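This report describes one protein model, beginning with its aromatic residues and then widening to the helix around them and to the chain as a whole.

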Amino acid sequence: MSGPRMNAAPINGNSRRPNYVRVPPIERPSSSQHDDLIKFIQESWSKVSQEVGRNAGNTATYYREQEPEMLKNFEPFDLDAYWGKRGIQNVQHQ
């Protein structure tokens, strides 16, 4: 046995579509932290833009990381080659 069914027929002969209430969009309150962050970003970008404008005729300066002394003789280990050689050796010795 099934439960009650919804009747889609208009009530009292009224075939108009129902009126829906429009909900205004939610406005986020302005927070001072948010405003401070926006102000900081704007001021920082302004300083960078001014500095780039002053140095427009100069060449660009690039950051070059110095290698630590202990890594000067470092050679990477090829793990794929190691496992390949080991697999071949295992096959040959069987």
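## Aromatic cluster

Phe-77, Tyr-82 and Trp-83 are linked into a cluster by ring pairs, a pair being counted when the centres of two rings of Phe, Tyr or Trp (its six-membered ring) lie within 6.5 Å, with planes under 30 degrees apart called stacked, over 60 edge-to-face and the rest tilted. The model is a predicted one, in which local features need pLDDT of at least 70 and side-chain atom pairs count only at pLDDT 80 or more, while totals for chains, interfaces and linings use all residues. Residues are numbered from 1 along each chain as its sequence is written, and side-chain values use heavy atoms, with hydrogens and water left out.

Two aromatic pairs are found when the whole structure is searched. Between Phe-77 and Tyr-82 the ring centres are 5.7 Å apart and the planes stand at 50 degrees, so this pair is tilted. Tyr-82 also pairs with Trp-83, where the centres are 5.4 Å apart and the planes stand at 70 degrees, so that pair is edge-to-face.

## Exposure and surface patch

Relative accessible area is classed as buried under 20%, exposed over 50% and partly exposed in between (1.4 Å probe, protein chains only). Phe-77 counts as exposed at 61% relative accessibility, whereas Tyr-82, at 37%, counts as partly exposed, and Trp-83 is likewise partly exposed at 48%.

Together with Leu-79, these aromatic residues form a nonpolar patch on the surface with about 470 Å² of accessible area. Such patches are made of residues with over 30% relative accessible area and no salt bridge, nonpolar side chains (Val, Leu, Ile, Met, Phe, Trp, Tyr) being joined within 5 Å and like charges within 9 Å; a salt bridge is a side-chain nitrogen of Lys or Arg within 4 Å of a carboxyl oxygen of Asp or Glu.

## Helix H2

Trp-83 lies in helix H2, which covers residues 79-92; its 14 residues reach 20 Å from the first C-alpha to the last, close to the 20 Å expected at 1.5 Å a residue, a span defined as 1.5 Å times one less than the number of residues. Helices are DSSP runs (H or I, at least four residues) and strands likewise (E, at least two), numbered from the N terminus.

At the N-terminal end of H2, Asp-78 acts as a cap, with a side-chain oxygen 3.3 Å from the backbone nitrogen of Asp-80.

## Whole protein

The protein has two helices and zero strands, and 0% of its 94 residues count as buried. About 10900 Å² is exposed, 54% of it supplied by carbon and sulfur atoms, with areas from the Shrake-Rupley method and a 1.4 Å probe; for residues, only the protein chains shown count as cover.

Note on methods. Polar contact = N/O pair within 3.5 Å; in protein donor to acceptor, adjacent residues only side chain to side chain.
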